[in-house]
Amino acid sequence: MTKRIQDYAMTAENEIDIVVTFFRMKFADLDSITPKFFTELDKYEKVKLFMQEYKTEQQTEATEFIRKCIENGFFVPSINYGIIQEVCDYVMSSVISNSLYKKYTLKDIFCNFFIVLLRGFCTEKGLVLLDLYLKKTYI
């Protein structure tokens with residue numbers, strides 16, 4: 001988890017607040033990343049290795065965060081989130097390899113994909129809060 005989101009999490013109201021803020025920050029970051037970064041990543045072995053290590057670290061943190069969301073009644077416990085993480089990786093690779101970013105912005109692609117996915121994770125309690133935070137913060 002980046003320092004920005006860690007700092008925010010210290011004062012957040014709940015996990016849904018944190019996840020909406022996390023995605024808002026990530027989507028804002030996408031505005032500064034050229035798709036060429038993703039398409040040419042394979043050319044740079046050290047960067048690719050760093051990104052793989054970073055992804056592994058992020059997945060560990062995501063698993064812990066999801067556990068907290070389930071414990072607090074925001075996420076459905078019956079979903080295999082490990083499978084979802086792998087599917088997300090394949091979808092994002094496909095977005096890049098099929099040049100979908102030429103038709104839509106990266107922000108639009110990721111925002112639409114992850115908001116739908118996030119809604120599927122939520123219990124009724126989580127959905128109420130998610131809708132509230134999404135209305136307050138346009139992603």
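## How sure is the model?

In which helix of the protein is confidence lowest, and in which is it highest? Keep in mind that you are looking at a predicted model, so this is a fair place to start. Confidence bottoms out in helix 3 (residues 35-39), with a mean of 77, and peaks in helix 7, at 93. For the protein as a whole, the average pLDDT is 88, and 98% of the residues score at least 70.

## A walk along helix 2

Let's look at helix 2, which covers residues 15-30. You can check its length yourself: at 1.5 Å a residue, its 16 residues should span 22 Å, and the end C-alpha atoms are 23 Å apart, which agrees. The N-terminal end has a cap, Asn14, with a side-chain oxygen 3.0 Å from the backbone nitrogen of Ile16.

Plenty of this helix is tucked away from the surface: the buried residues include Glu15, Ile16, Asp17, Ile18, Val19 and Val20. Further along, Met25, Phe27 and Leu30 are buried too. What do the buried residues of helix 2 pack against? Their partners are helix 1 (3-9), helix 4 (45-71), helix 6 (106-121) and helix 7 (124-136).

Thr21 makes a good close-up. This residue sits in helix 2, and because its relative accessibility is 4%, under the 20% cut-off, it counts as buried. Setting aside neighbours within four places in sequence, Thr21 is in contact with Ile5 and Tyr8.

## Rings meeting rings

Now for the aromatic side chains. The count comes to 9 aromatic pairs. In one of them, the rings of Phe22 and Phe23 have centres 5.4 Å apart and planes at 70°; that angle is over 60 degrees, so the pair is edge-to-face. Are these two residues buried or partly exposed? Phe22 is partly exposed, at 23% relative accessibility, whereas Phe23 is buried, at 13%.

Another pair joins Phe110 and Phe114, with ring centres 6.5 Å apart. Their planes are at 45°, so this pair is tilted. Both residues lie in helix 6, 4 residues apart, or about one turn of the helix. Why does that spacing matter for direction? An α-helix has 3.6 residues a turn, so residues three or four places apart point the same way. Phe110 itself is buried, with 10% relative accessibility.

Put the ring pairs together and you get a cluster linking Phe22, Phe23, Phe27, Phe110, Phe113 and Phe114. A ring can also have a charge over it: the charged end of Lys125 sits over the ring of Phe74, 4.8 Å from its centre.

## An unusual spot in a loop

Where is Ser99? Look in the loop between helix 5 (81-97) and helix 6. Its phi is near 55°, a positive value in a residue other than glycine. Ser99 is partly exposed, with a relative accessible area of 24%.

How far apart are Ser99 and Thr39 in sequence and in space? They are 60 residues apart along the sequence, and their C-alpha atoms are 8.9 Å apart.

Conventions
Residues are numbered from 1 along each chain as its sequence is written. This is a predicted model: local features need pLDDT of at least 70, side-chain atom pairs count only at pLDDT 80 or more; totals for chains, interfaces and linings use all residues. Side-chain values use heavy atoms; hydrogens and water are left out. Helices (H or I, at least four residues) and strands (E, at least two) are DSSP runs, numbered from the N terminus. The expected span of a helix is 1.5 Å times one less than its number of residues. Buried means under 20% relative accessible area, exposed over 50%, partly exposed in between (1.4 Å probe, protein chains only). Contact means heavy atoms within 4.5 Å. A polar contact is a pair of N or O atoms within 3.5 Å; within protein, one must be able to donate a hydrogen and the other to accept it, and residues adjacent in sequence count only if both atoms are side-chain atoms. pLDDT is the predictor's confidence in each residue, from 0 to 100. Rings of Phe, Tyr and Trp (its six-membered ring) pair if their centres lie within 6.5 Å; planes under 30 degrees apart count as stacked, over 60 as edge-to-face and the rest as tilted. A charge sits over a ring if NZ of Lys or CZ of Arg is within 6 Å of the ring centre and within 35 degrees of the ring normal.
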